[in-house]
Amino acid sequence: MQEIVPPPGRGRLFTEPARATLADCAPTGRIRLDALARWAQDVAYADAVEAGLSRRAAWVVRRTRMRVGRFPRFGEEYVVATFCSGLGRMWAERRTSMTPVGEAAGAVEVVSLWVHLDPLSGRPTKLTEDEIAMWGESTAGRTVTHRLRHPGPDGVVDSFPWRFRNSELDLAGHVNNAAYLTPLEEELLEDAEPESIDIEIEYRSPAQAGEMRVLRHGARRWIVGPDGESYASIIIAPPPTQEV
């Protein structure tokens, strides 16, 4: 799974407050995985806006790992901190920590690989000198790749139906990355309340609204279309005390 590096000793570190609200939480008061994904993407955008670079590029998520040591709960106040943890030619890695107000350690740690797109053509393009100057120092020279690593669902037969809605499309005209976590969240809501979780999701192809199937095999999930195209894959890591 994608490495979760510690906060930088130098370079840009952007923070903003967050609160678990009614729309974010399950009936138990636990914040949902899709809401945590929105926190991560919102602070990334806020960082770019504050840096004056939000119009230079469009960014799309390629991979996200989310390690939840303790789920935020309704009404709790958090500090969300984010920094650039690695660079590539046309992509960058962003680390995000979600820490309860007044505490030192993050309850949720997120790392995402974002691909840098030309805002007009939508094609991958090199990072600009201004972007590298703004976010590069915190990487300490660390480089990252954009290759997908999850296996395909060959031979997997266990599945359940899913549907993405038009209301889940974002400005790019595709299903927003947070919505891909809702099938897994649906499974969590059917079982015992989770205390923690560690997952990694890879976004393989942009999906449109419509009928899907979620294939599952052990700790792996794949979201596929009627024609078998795989749009995303998820790995659920075992708890830290469990033998791998």
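The 29 positive and 35 negative charges of the chain have mean positions 4 Å apart. Keep in mind that this is a predicted model.

Now the overall fold. The chain holds three helices and ten strands, and along the sequence they come in the pattern β-α-β-β-β-β-α-β-α-β-β-β-β. Its radius of gyration is 18 Å, close to the 18 Å from the globule rule for 244 residues, so the chain is as compact as a globular protein of that length. The C-alpha trace spans about 50 × 45 × 35 Å along its principal axes. Of the 244 residues, 50% count as buried. Among contacts with a separation of 6 or more, 72% link residues 24 or more positions apart. As for the surface, the chain exposes about 12600 Å², and carbon and sulfur atoms supply 52% of that.

Next, a look at strand E9, residues 220-224. Four of its five residues are buried, so to speak of E9 as mostly covered is fair. E9 pairs with strand E8 (residues 210-217) in the antiparallel sense, and with strand E10 (residues 230-236), again antiparallel. On the E8 side, Leu 215 has Trp 222 of E9 as its bridge partner; on the other side, Val 224 stands opposite Ser 230 in E10.

Both pairings are hairpins, and each has a glycine with positive phi:

| Hairpin | Bridges | Residues between strands | Glycine and phi |
|---|---|---|---|
| E8 and E9 | five bridges | two residues | Gly 218, positive, near 60° |
| E9 and E10 | five bridges | five residues | Gly 228, positive, about 90° |

Key. Residues are numbered from 1 along each chain as its sequence is written. This is a predicted model: local features need pLDDT of at least 70, side-chain atom pairs count only at pLDDT 80 or more; totals for chains, interfaces and linings use all residues. Side-chain values use heavy atoms; hydrogens and water are left out. Buried means under 20% relative accessible area, exposed over 50%, partly exposed in between (1.4 Å probe, protein chains only). Two strands pair if DSSP finds at least two bridges between them. The radius of gyration is taken over C-alpha atoms; the globule rule is 2.2 Å times the number of residues to the power 0.38. Contact means heavy atoms within 4.5 Å. Accessible areas come from the Shrake-Rupley method with a 1.4 Å probe; for residues, only the protein chains shown count as cover. Lys and Arg count as positive and Asp and Glu as negative; His and the chain ends are not counted. The place of a charge is taken as NZ of Lys, CZ of Arg, CG of Asp or CD of Glu.
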